[in-house]
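Colleague: Take one residue of this chain and look at it closely. Then work outwards to its helix, to other parts of the chain and to the whole.

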Amino acid sequence: MKRKRPYLKAFLLVAAGIVIAFPIFSMTYYTMVRTSTPQFCASCHEIEYAYNTWRTSTHVNNAQGFVADCMDCHLPAPHDTVDFFYKKTLHGIKDIIVHFTMGEYDREKNRQKAYDSFDNAQCQKCHRNILYIPDKRGAMLAHRSVIHALPGREKRCVDCHKDLVHNPTEVYRYKQYELN
């Protein structure tokens, strides 16, 4: 009489799953990390201008030393993993298609499309405490009207802060804070 080994089949299936899944996960993860850098974004000549102007902005050069890269503004927060990977893949495919099929790249038109797609949550991933700005009452009140907008009077961060990034400049902008 033949003895049954119920755990052997389960063990072999799990082992095969690990042997197959680990390399696939590793390649996918490596690809995502490699394609998530500003330098990779700048490898397309259409984006090189945006990369160079981003480097001179306060999103790179600021007193806090924080750098907001392409994904921070142009993709949803990475903690929403499925939406993040979906949008990242969609943006990548769109950029490849545009690169190979579009004639002249219209910077202003594409910049406006990007601004139209932004919502406040993208900015507030980094700019969390915008209701407390010492010595800047006007800014606090303006931000309050965005955060706690009345119905029909909603605003987006980029309505006022449209020209912070991706503008040609000869000098690096660096925001200095005075110490009292």
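Modeller: His-91 counts as partly exposed, because its relative accessibility is 31%, and the cut-offs are under 20% for buried and over 50% for exposed. Bear in mind that this is a predicted model. His-91 sits in helix H5, which covers residues 81–101.

What does His-91 touch, leaving out residues up to four places away in sequence? The partners are His-74 and Leu-75. Now a distance. Asp-106 lies 15 residues from His-91 in sequence. In space, C-alpha to C-alpha, the two are 17 Å apart.

Stay in H5 for a second residue. Tyr-86 also belongs to this helix. Is Tyr-86 buried or exposed? Tyr-86 counts as exposed, because its relative accessibility is 51%, and the exposed class begins over 50%. Its C-alpha atom is 31 Å from that of Gly-152, with the two positions 66 residues apart along the chain.

Lys-94 gives another long pair. Its partner in the comparison is Asp-163, 69 residues away in sequence. Their C-alpha atoms are 25 Å apart. Asp-163 lies in the segment after H9. At 52% relative accessibility, Asp-163 counts as exposed.

Next, helix H6, residues 107–117. Which of its residues are buried? They are Arg-111, Ala-114 and Tyr-115. These three cover an arc of only 95° around the axis, so they lie on the same side of H6. The general rule fits here: an α-helix has 3.6 residues a turn, so residues three or four places apart point the same way. On the other side of H6, Lys-113 and Ser-117 are exposed.

What do the buried residues of H6 pack against? Their packing partners are helix H4, residues 70–74, and helix H9, residues 157–160. His-74, a contact of His-91, falls within the range of H4.

Now towards the N terminus. Ala-21 is placed in helix H1, residues 6–34. With a relative accessibility of 41%, Ala-21 counts as partly exposed. Trp-54 is 33 residues from Ala-21 in sequence. The C-alpha separation of that pair is 37 Å.

Last, the whole chain. The protein has nine helices and zero strands. From the N terminus on, the order is therefore plain to write: α-α-α-α-α-α-α-α-α. The C-alpha trace spans about 85 × 40 × 40 Å along its principal axes. The radius of gyration is 23 Å, whereas a compact globule of 180 residues would have one near 16 Å.

How much of the protein is buried? Buried residues make up 20% of the 180 residues. The exposed surface comes to about 14,300 Å². Carbon and sulfur atoms supply 63% of that surface.

Contacts can be sorted by sequence separation. Among those with a separation of 6 or more, 61% join residues 24 or more positions apart.

Charge closes the picture. The protein has 25 positive and 18 negative charges. The mean positions of the two sets are 12 Å apart.

Back to the starting point. His-91 is partly exposed at 31%, and it touches His-74 and Leu-75.

Note on methods:
Residues numbered from 1 in each chain as written. Predicted model: local features only at pLDDT ≥ 70, side-chain atom pairs only at ≥ 80, totals over all residues. Heavy atoms only, no water. Helix = DSSP H or I, 4+ residues; strand = E, 2+ residues; numbered from the N terminus. Rg over C-alpha atoms; globule rule 2.2 N^0.38 Å. Buried < 20%, exposed > 50% of the residue type's maximum accessible area, 1.4 Å probe, protein only. Contact = heavy atoms within 4.5 Å. Areas by Shrake-Rupley, 256 points an atom, 1.4 Å probe, with all protein chains shown as cover. Lys, Arg positive; Asp, Glu negative; His and termini not counted. Charge placed at Lys NZ, Arg CZ, Asp CG, Glu CD. Arc of directions from axis to C-beta.
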